[in-house]
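Student: I should like a close look at a single part of this structure, namely one helix and the contacts made there. Please give a connected account and then set that part beside other features of the model.

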Amino acid sequence: MKPKPRINIIMWGFMGSRLTSSTRCMSTSTKALSRFGWWDRVSPAAKDPITGVTEAFLADTNPHKINLGVGAYRDDEGKPVVLQCVRNAEAKIAGCDFINVGRESNATAVGSKLVEESAKLAYGKDANVVKEGAFAGLQALSGTGACRLFAEFQRRFHPESPIYFPDPTWSNHPNIWRDAQVPVRTFQYYHPVSKGLNFAALMDDIKNAPDASFFLLHPCAHNPTGVDPTVEQWREISYQFKEKSHFPFFDVAYQGFASGDLDMDAQAIRIFLEDGHLIGCAQSFAKNMGLYGHRVGCLSVLCADAKQAVAVKSQLQQIARAMYSNPPIHGLLLVSTILSDPETKALWVKEVKVMANRIQQMRSTLRESLEKLASPLNWEHITNQVGMFCFSGLTADQVDRLVREFHIYLTRDGRMSMAGVTTSNVSYLANAIHEVTRYNREASNVC
Amino acid sequence: MTSTSTMLSLASAPPTASLSVHENLKGRLKLGGGSLSFNKERANPFINTKSFSRISMVAAVKVSRFEGVTMAPPDPILGVSEAFKADNDKKKLNLGVGAYRTEELQPYVLNVVKKAENLMVERGENKEYLPIEGLAAFNKATAELLFGASNPVIKEQRVATVQGLSGTGSLRLAAALIERYFPGAKVLISSPTWGNHKNIFNDARVPWSEYRYYDPKTVGLDFDGMIADIKAAPEGSFVLLHGCAHNPTGIDPTPEQWEKIADVIQEKNHIPFFDVAYQGFASGSLDADAGSVRLFAARGMELLVAQSYSKNLGLYAERIGAINVVCTSADAAARVKSQLKRLARPMYSNPPIHGAKIVANVVGDPTLFNEWKAEMEMMAGRIKNVRQKLYDSLTAKDKSGKDWSFILKQIGMFSFTGLNKAQSDNMTNKWHVYMTKDGRISLAGLSLAKCEYLADAIIDSFHNVS
């Protein structure tokens, strides 16, 4: 934590006197270690709530362990998957002598291709904004990197404006905007009793926020709740945004994972586009292309015209340049190869559907299993919720029991990654959940 | 088109929207007054505030929140390559790019990299997220490469190593750490230094000032100025040092000078912060080029070191590097590492996998490692040869008696020619030689075949242009 200035001066004074005596010794003895440590003031950081789960899971030797922590897809054997379309793309680009990004025209072309294809994916291949080029698009370090670029950009040009997140949201969102020095607010979203959307409260918060506020929206497969607005609700939200001149920023991490259909999953975005909003969009290819480790995504900001798009892009590039200069090329090449070849793209679309279907099936199976166990609780939300995650409604204590007693790992907010559920572990999981909830006092309150 | 579509969507909107969207927005978009505080924004160098008043006259449906965004200045280094591409002259030469080229002036993918990539494809590894701190095998390999595997700092686990996005990303993590734990502390950077250093510290909100480095009179190191400026800085400043092959000048301190620099840094309780982007590229020896860092570590000093594998493994586009923080204890190193992770997570969550695996495979396999060393010597050797040929050409052609030996004394990819902006412009406009305006040429982009032509250009620009 930052010390206040006054304390800082005192600290420096104190350290200065300690240092002078020890440094006189140091300059004569080359081997003596300084007893004073520069980093003494550094306390250990808390583990990241999501990656910390994976770390704990990896350290566990129990044969029944299940990882329902991180949102990374697994097949029915619980194994990570490299999509066939990705393998095909790898084969194509193997031996390509690209080594420079930003300096070589072909690498720049790859980046532009990625941006173009990403925009088509989000906005629709025939969308006007794509045709007119009235948007600033930049490759980014997956979803996180795209969000961070936007947060920094928002701060640079609207330094007083906070960002509004749905409550709850992905745990890293507040970190990203805070580190970009943007104040963080929330708007009501999840309804714990119904385990669905608190639409009335959501609309109130949108109305009550100051005009022209920045809002972050999950267009589909909300993380962590899996609760999405309906199409009609999206239309109302869009209309209210217009009334209030709010800025909609979409975090698109799961396109394809909600319904299995890429266009359907982008409906919220398309509604906002039709209504004339100039939105921002962070896209990730981590989940839907299984390119987690490659850090490939796209940030786009819609502009009034192509000229403004050039200016906005130049500013975004400048922000990126001071953070990491250029994005890693390997993932870029893979995505651009997949999306620009019709055959490979068609294969990808199929594979996304397969992944989404498996998750939907696991949702049904888990719910059925719990119902067969005569659980006193209502588990409809398992199949009502959408995408990778199920907001189970489990309390932190119940989660702790799952971890300790059953070696089932999930985040303490009760979020389960359904991607980690398989036909071989679903019964074990159902039994475990039943065990920790069967005497749940809340049983009578469930609607 | 726009207003039509909004009119159409209005048809399905709730009955409360009885006014046209146009009317609605005219009422709501009170730019320049009321709830929107554009007028009240402090002077912001990025915003063109003049455009706002123009907007309030027009109730456009599509008004961007970013109307006031001005065009960012072009990057001075990348702009050179763009100009080069646009030039149709056959004699053109690109000495702007800080990227290694073969004698045929082609990009070079190292053989060990190809072998490592083939191994990776054969193994068919997955693409799962790396942990926030990066690939463990890479982190181990990179720290050992820098300090030496038997170095006490390694054996005592006193180094916090986190994989970063090449040099830039690693520097940025370090800058963020400094900002958080040493608010107000300054970073001292050499004058001149790599152009992006200032951007990184500015964006990380770390104040910086310059120490004298380049002496135009000698086309060498202003050592006294450097020492004086480091001494004059407030105690507890961070001193950014180029481990070897200084960019842009190519001028490195001698071992004796490094000792004196370490002395004054210790005297002033400053903390050394090394940027090691060219390990192996200076002398051709990976160990020799790590000499300055190891000298400081051997004194028991705590230090920061950012590494890049862009040049020495030719992995420019893969963005692979690391930030290392040497601490007094293993416990401190563990805590620092945890905080570096906390800074990385909201920046990009976890680093990219591909480059890390290549490095880990090359460094971790003795055969590949030896092959790499040989390729490294070859690349550094080509640059040394080119320096020699350029020097020979200059001395043979230039009758003025000017001392061109700085070309041989300077080391690494770059050479500071001593040409001023007008002279550099002449190089480009008359001779189609592309370089940066500070007089820097990249010898990595020069072939033996072009040395004589370049010598002519330099002599002409130096003597006939002021």
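Tutor: The account below begins with one helix of chain B and then follows the salt bridges and the largest pocket.

The model is predicted. The helix chosen is H14 of chain B, residues 330-348. With 19 residues at 1.5 Å a residue, this helix should span 27 Å, and the 26 Å between its end C-alpha atoms agrees with that expectation. H14(B) is mostly covered, since 14 of its 19 residues are buried. After H14(B) comes B:Ser349, which has a positive phi near 70°.

One contact of this helix is made by B:Lys341, which forms a salt bridge with B:Glu133; their closest N and O atoms are 3.2 Å apart. B:Glu133 lies in the loop between helix H5 (111-123) and helix H6 (136-147) of chain B, whereas B:Lys341 lies in helix H14, so the pair ties together parts that are 208 residues apart in sequence. Both partners fall under the 20% limit for a buried residue: the relative accessible area of B:Glu133 is 16%, and that of B:Lys341 is 17%. The pair also belongs to a network of salt bridges that links B:Glu133 and B:Lys341 with A:Lys47 and A:Glu55.

Over all chains, the structure holds 43 salt bridges. Among them is the one between A:Asp179 and B:Arg180, with 3.1 Å between the closest N and O atoms. A:Asp179 is in helix H7 (residues 172-179) of chain A and B:Arg180 in helix H8 (residues 166-181) of chain B, so this pair joins two chains. A:Asp179 is buried at 16% relative accessible area, and B:Arg180 counts as buried at 15%.

A further salt bridge, between A:Asp76 and A:Arg358, has its closest N and O atoms 3.1 Å apart. It links distant parts of the chain, 282 residues apart: A:Asp76 is in the loop between strand E1 (66-67) and helix H3 (84-93), and A:Arg358 is in helix H14 (residues 342-372) of chain A. Here A:Asp76 is partly exposed, at 28%, while A:Arg358 is buried, at 10%.

The largest pocket holds about 1200 Å³ of space. Its lining comprises 45 residues, and those nearest its centre are A:Gln317, A:Arg321, B:Pro74, B:Asp75 and B:Leu78. Elements giving two or more residues to this lining include helix H12 (306-321) of chain A and helix H4 (76-86) of chain B. H12(A) supplies the largest share, 7 residues. By type, the lining divides into 18 nonpolar, 17 polar and 10 charged residues.

Key: Residues numbered from 1 in each chain as written. Chains lettered and ligands numbered in written order. Predicted model: local features only at pLDDT ≥ 70, side-chain atom pairs only at ≥ 80, totals over all residues. Heavy atoms only, no water. 1 Å grid on protein atoms, 1.4 Å probe; cavity = no way out; pocket = protein on both sides within 12 Å on 5 of 7 lines; lining within 4 Å. Points joined across faces, edges and corners; volume = space filled by probe spheres on them. Helix = DSSP H or I, 4+ residues; strand = E, 2+ residues; numbered from the N terminus. Nonpolar A, V, L, I, M, F, W, Y, C, P; charged D, E, K, R; others polar. Expected span 1.5 Å × (residues − 1). Buried < 20%, exposed > 50% of the residue type's maximum accessible area, 1.4 Å probe, protein only. Salt bridge = Lys/Arg side-chain N within 4 Å of Asp/Glu carboxyl O.
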